[in-house]
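Visitor: I've got a structure to go through with you. Could you pull it up so we can talk it over?

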Amino acid sequence: MSNKIMVSELYDLQETIAAELFEGITYPWEVLPKIHDFIIRLGESLPKDIYEERGEHIWVAKSAKVAATACLNGPLIIDEDAEIRHCAFVRGNAIVGKGAVVGNSTELKNVVLFNKVQVPHYNYVGDSVLGYKAHMGAGSITSNVKSDKTLVVVKGEGFSIETGLKKMGAMLGDNVEVGCNSVLNPGTVIGRHSNIYPTSMVRGVVPAGSIFKKSGEIVKKY
């Protein structure tokens, strides 16, 4: 049912500096067009004893670790104790949560990473929201544009929701585990505590507490 992919079902909003961004929102992809302006608004109000502005609309917590080889473009907020590793590429419109890891050659664009998210090895994450402690294995990516360039539709069992968006990657609930070299197709939504097998090609909605083995084979964890 579509109510299982609402913000309240996917995310603990206490685990992000961007909780206000989700106010009044039903489905998480509704925040995607709002991220840019929200970061600028929030960034200007951040306490200067905790955060420093390193460039135009780029706010980085003083406790965060940012490699000298990382490329940071604004608007961007990197929260406390986050780690941005060697050759990470942040294209802008990104919120990186407390204790999150953005790794070697990982690219971010128009995303919200909740606290403790890990995208540590060769990941592309675009137009997506990753919940608390979500983890994407090495080489796993979000595909955010359909090959025919039509608007993204989220399809689940018994429902279909038009997003009105040309670009939408994946919505990962809290504690989701994505296996290495998997591709999350446009409009993918994965419920809390679900696991995706390595080298999977995922499309549509994966219910909470599930194991995605392959298309057509999704089993409950408990």
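Guide: Sure. Before the strands come up, a ground rule: two strands pair if DSSP finds at least two bridges between them. Also keep in mind that this is a predicted model.

Visitor: With that rule, how many bridges join strand β15 to strand β16?

Guide: Strand β15 covers residues 153–156 and strand β16 covers residues 159–162. The two run antiparallel, and Gly156 stands opposite Phe159 in β16. Pairing needs at least two bridges, and the number joining β15 to β16 is 4.

Visitor: Which residue in that hairpin takes a positive phi?

Guide: The hairpin of β15 and β16 has 2 residues between the strands. The phi in question is near 85°, and the residue that takes it is Gly158.

Visitor: What about the second largest pocket: how many charged residues are in its lining?

Guide: That pocket has a volume of about 150 Å³. Its lining includes Val152, Val153, Pro186, Gly187 and Gly204, and also Lys146, Lys155 and Arg203. Lys and Arg count as charged and Gly as polar, so the lining splits into 3 nonpolar and 2 polar residues, with the charged ones numbering 3.

Visitor: Now the aromatics. How are the rings of Tyr27 and Trp29 arranged?

Guide: A search of the whole structure turns up 4 aromatic pairs. The ring centres of Tyr27 and Trp29 are 4.9 Å apart and their planes are at 0°. Planes under 30 degrees apart count as stacked, so the Tyr27 and Trp29 pair is stacked.

Visitor: Are those two buried or exposed?

Guide: Buried means under 20% relative accessible area. For both Tyr27 and Trp29, the answer is buried.

Methods:
Residues are numbered from 1 along each chain as its sequence is written. This is a predicted model: local features need pLDDT of at least 70, side-chain atom pairs count only at pLDDT 80 or more; totals for chains, interfaces and linings use all residues. Side-chain values use heavy atoms; hydrogens and water are left out. On a 1 Å grid over the protein atoms alone, a cavity is a set of points where a 1.4 Å probe fits but cannot get out, and a pocket is an open set with protein on both sides within 12 Å along at least five of seven lines; lining residues have an atom within 4 Å of a point. Grid points are joined across faces, edges and corners, and a volume is the space filled by probe spheres set on the points. Rings of Phe, Tyr and Trp (its six-membered ring) pair if their centres lie within 6.5 Å; planes under 30 degrees apart count as stacked, over 60 as edge-to-face and the rest as tilted. Buried means under 20% relative accessible area, exposed over 50%, partly exposed in between (1.4 Å probe, protein chains only).
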